[in-house]
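Reader: I would like to learn how to read a protein structure one feature at a time. Could we begin with pairs of charged side chains?

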Amino acid sequence: MTVIFDDNSTFDSEVAVIIVGAGACGIVAALTAREAGADVLVIERDEVPQGSTALSSGMIPACNTHFQRERGIEDSVAQLAADIQRKSQGNADSGIVNAVCRESGPAIEWLTDHHKVPLQLVDGFMYPGHSVLRMHAPPSKTGAELIGALTNAASAADIDIFTSARVTCLIAGSDRKIRGIEVERPDGSVDRVGCKALVLACNGYGGNPDMVRKYIPEIAIAAFAGHIGNQGDAIMWGRALGAGISDMGAYQGHGSWASPHGMLITWAVMTEGGIQVNTDALRFSNEHQGYSEAAVDVLAQPGSVAWNIYDKRIHDLGMTFQDYRDAEKTGAIRHGVDVVDLAVACGLDTAGIARTLSDCAGYAAGREKCAFGRDFTTKPALEAPYYGICVTGALFHTQGGLAIDPDARVLREDGSALPNLFAGGGAARGVSGNAVWGYLSGNGLLTAVTLGRIAGRGAAMSVQHEHGY
């Protein structure tokens, strides 16, 4: 049973605010609620906090931060919002977009200045769709380092994270107000914990094949590169309470998942001048459109794979990413001193890859126009020695979920707010519209961090309001 309706339930213990999920959204919500004066408990199904955050590249887009100002970069809420809406073709909810953009800069500065999360402005390249440098990440550019720093911040703030604990159902009154939760431990024991407000920061539905086939069938054959805990629990709980769902067709795919190694290869390889070819050594898309929709394009190729082809300049940039260095150590990255050597290393037709590279050199020189609409003139033409890596399309996480308002309150199907239920991260709709092509780089962590902060603040305020202080 996903929700128990009981006006007279008793609980083994009680806390003001319960947060389900200890990823970036959940920990940020907990830090915020605690600072606002609320007692907080975080419930996490894994042995240690990780979730989708740990599997990400740890990059959080944010505008008008002191990191940007120190570099002379001008950015604003309006500019970030415009970039998000441009990518989603105007299909993202404007109220939520504006709310997360307003929160983004202050949230980054709060995390770094008050909680010692080691974020810095990522320079050297810019992801497609962003008009200025605004990605903030830990030095290693990994989600593992980000979630580690957030977990340390929670520990320093004396926030209890109840790990190896699976929420089996929510307990609500007849008025749909959340009264508590049931939690199951590995030994089979069950605890009932009461609360005054609940934040769902737990998951999307990318790890639930049935839901994926129902809502995003075009990516159902892809490798799932997200967290297996993304089973859609939050959506099922919300639906049982009468909540609406929105943007269920949105998700973050990735067209650069090393195959068969199962490792993320940064899309900076593409933005800095790399190309993708299929097993016939032919390009098949505009590699600057975005890595999310590229997943669908790659899956459509023979064998559902492609080859990233690039040169030493780009390889050296890749080596600044931990994930890329790991791929190099495993032997996933092939090397070629010239075109012939590259073709042999990657199993590609020599004449075919030579012709494709020659065409791209012509595009870079401005002699010809790319048939897919990519502008090659902004980056140097590729030159020997060359590098290649076999990749496939992957599903990272879903971007649709429970309907929320700009205050992260979960909404009923009629648009009214449920009494004391908040959601963010994978549990809630994001800012990517309703399709794969609407995902702007970093949208996942952007909404995780900002909606976590908004939800934590709202949950604490609802408790204070109920108690009249």
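Author: Let us start with the rule: a salt bridge is a side-chain nitrogen of Lys or Arg within 4 Å of a carboxyl oxygen of Asp or Glu. Before we apply it, note that this is a predicted model, in which local features need pLDDT of at least 70 and side-chain atom pairs count only at pLDDT 80 or more, while totals for chains, interfaces and linings use all residues. Residues are numbered from 1 along each chain as its sequence is written, and side-chain values use heavy atoms, with hydrogens and water left out.

Reader: Which residue forms a salt bridge with Glu287, and how far apart are the closest N and O atoms?

Author: The general idea is that side chains of opposite charge can pair when their charged atoms come close. Here the partner of Glu287 is Arg374, and their closest N and O atoms are 2.9 Å apart. Glu287 sits in the loop between β15 and α10, whereas Arg374 sits in the loop between α14 (350–364) and β18, so this salt bridge ties together parts that are 87 residues apart in sequence. The names of these elements follow DSSP, where helices are runs of H or I with at least four residues and strands are runs of E with at least two, numbered from the N terminus.

Reader: Is Glu287 buried or exposed?

Author: A residue is called buried under 20% relative accessible area, exposed over 50%, and partly exposed in between, using a 1.4 Å probe and protein chains only. Glu287 is buried, with a relative accessible area of 1%, and Arg374 counts as buried at 6% relative accessibility.

Reader: How many salt bridges does the rule count, and which residues does Arg134 join in a network?

Author: The count comes to 21 salt bridges. Arg134 is linked with Asp75, Asp83 and Arg86 in a network of salt bridges. Within this network, Arg134 and Asp83 have their closest N and O atoms 2.7 Å apart; Arg134 lies in the loop between β5 and β6, and Asp83 lies in helix α4, 51 residues apart. Both Arg134 and Asp83 are buried.

Reader: How should I read a strand such as β18, and which strands are joined to β18 by antiparallel bridges?

Author: Strands of a sheet pair through backbone hydrogen bonds, either parallel or antiparallel. In this description two strands pair if DSSP finds at least two bridges between them. Strand β13 (residues 251–258) runs antiparallel to β18 and is joined to it by six bridges, with Val391 as the bridge partner of Ala258. Strand β16 (residues 305–311) is likewise antiparallel to β18, with seven bridges, and there Asp311 stands opposite Tyr386. Three bridges join the antiparallel strand β17 (residues 334–336) to β18, where Arg334 faces Gly388. By contrast, strand β11 (residues 223–224) runs parallel to β18 and has two bridges to it, with Ala223 partnered by Ala394.

Reader: How many residues of β18 are buried?

Author: Strand β18 (residues 386–398) is mostly covered, since 13 of its 13 residues are buried.

Reader: Why is α10 described as largely enclosed, and which elements do its buried residues pack against?

Author: Seven of the nine residues of α10 are buried, so this helix is largely enclosed by the rest of the structure. Among the buried ones are Tyr291, Glu293 and Leu299, and the buried residues of α10 pack against α4 (77–87), β13, β15, β16 and β18.

Reader: Which residues touch the most other members of the largest nonpolar core?

Author: A nonpolar core is a set of buried Ala, Val, Leu, Ile, Met, Phe, Trp, Tyr and Cys residues joined through side-chain atoms within 4.5 Å. The largest one has 91 residues, of which Val17, Leu198 and Leu200 touch the most other members. Helix α15 (residues 443–467) gives the most to this core, with ten residues. A second, separate core of 51 residues includes Met135, Ala258, Met263 and Trp307.

Reader: How many helices and strands does the chain have, and what share of its residues is buried?

Author: There are 15 helices and 21 strands, and buried residues make up 60% of the 469 residues in the protein chain.

Terms used:
Contact = heavy atoms within 4.5 Å.
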